[in-house]
Amino acid sequence: PVLLGEESATQEPPQTVVRDSGFSPGTGGIAGQVTDATGGLIPGASVVLLKDGTPVRETNTGESGAFFF
């Protein structure tokens, strides 16, 4: 899965980590696109939003590799 929030010391590929997104509940959102090392889109990837290491939201990317929280 893609982990949003903090990096895991035991992270295993192909996980991607986005640090400190500035997310504030009720005031906005987080959007992105998951790609591989060559820039290829990854549809159906699991994306997990973490707060203090705890999952708070989970979604999957669409056909274009895009996600939104």
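1. Start at Ala45. Setting aside neighbours within four places in sequence, Ala45 is in contact with Val34, Thr59, Asn60 and Thr61. The model is predicted, and the contact list should be read with that in mind. Ala45 also belongs to the largest nonpolar core.

2. That core has 7 residues. Its members are Ile30, Val34, Ala45, Val47, Leu49, Phe67 and Phe69. Val34 thus appears twice in this note: it is a core member, and it is in contact with Ala45.

3. Next, Thr61. Thr61 sits in the loop between E5 and strand E6 (66-68). Is Thr61 buried or exposed? Its relative accessibility is 6%, so it counts as buried; the cut-off for buried is under 20%.

4. What does the side chain of Thr61 reach? One target is the backbone nitrogen of Gly44, at 2.8 Å. Another is the backbone nitrogen of Ala45, also at 2.8 Å. A loop residue thereby reaches the backbone of a core residue, Ala45.

5. The wider surroundings of Thr61 are worth checking in the viewer. Not counting residues up to four places away in sequence, Thr61 touches Val34, Ile42, Pro43, Gly44, Ala45, Val47, Ala66 and Phe67. Among these, Val34, Ala45, Val47 and Phe67 are members of the largest nonpolar core.

6. Now the strand pair. Strand E4 (residues 46-51) and E5 run antiparallel. How many bridges join E4 to E5? There are 6. Ser46 has Asn60 as its bridge partner in E5. Lys51 has Thr54 as its partner in E5. Asn60 is also one of the residues in contact with Ala45.

7. The turn deserves a look. E4 and E5 form a hairpin, with 2 residues between them. Asp52 lies in the loop between E4 and E5. Its phi is positive, about 55 degrees, although Asp52 is not a glycine. Asp52 counts as exposed because its relative accessibility is 72%, and the cut-off for exposed is over 50%. Thr61, in the next loop discussed here, counts as buried at 6%.

8. Overall make-up. The protein has 0 helices and 6 strands. From the N terminus on, the order of elements is β-β-β-β-β-β. Of the 69 residues, 20% count as buried.

9. Contacts and surface. Consider contacts between residues at least 6 apart in sequence: 36% of them join residues at least 24 apart. The protein exposes about 4600 Å². Carbon and sulfur atoms supply 50% of that area.

10. Confidence is uneven. The average pLDDT is 74, and 61% of the residues score at least 70. Which elements mark the extremes of mean pLDDT? Strand E2 (residues 17-19) has the lowest, at 51. Strand E5 (residues 54-60) has the highest, at 91. Over residues 6-12 the pLDDT is below 50. Beyond near neighbours in sequence, that stretch has 8 contacts in the model.

How values were computed. Residues are numbered from 1 along each chain as its sequence is written. This is a predicted model: local features need pLDDT of at least 70, side-chain atom pairs count only at pLDDT 80 or more; totals for chains, interfaces and linings use all residues. Side-chain values use heavy atoms; hydrogens and water are left out. pLDDT is the predictor's confidence in each residue, from 0 to 100. Helices (H or I, at least four residues) and strands (E, at least two) are DSSP runs, numbered from the N terminus. Contact means heavy atoms within 4.5 Å. Two strands pair if DSSP finds at least two bridges between them. A nonpolar core is a set of buried Ala, Val, Leu, Ile, Met, Phe, Trp, Tyr and Cys residues joined through side-chain atoms within 4.5 Å. Buried means under 20% relative accessible area, exposed over 50%, partly exposed in between (1.4 Å probe, protein chains only). A polar contact is a pair of N or O atoms within 3.5 Å; within protein, one must be able to donate a hydrogen and the other to accept it, and residues adjacent in sequence count only if both atoms are side-chain atoms. Accessible areas come from the Shrake-Rupley method with a 1.4 Å probe; for residues, only the protein chains shown count as cover.
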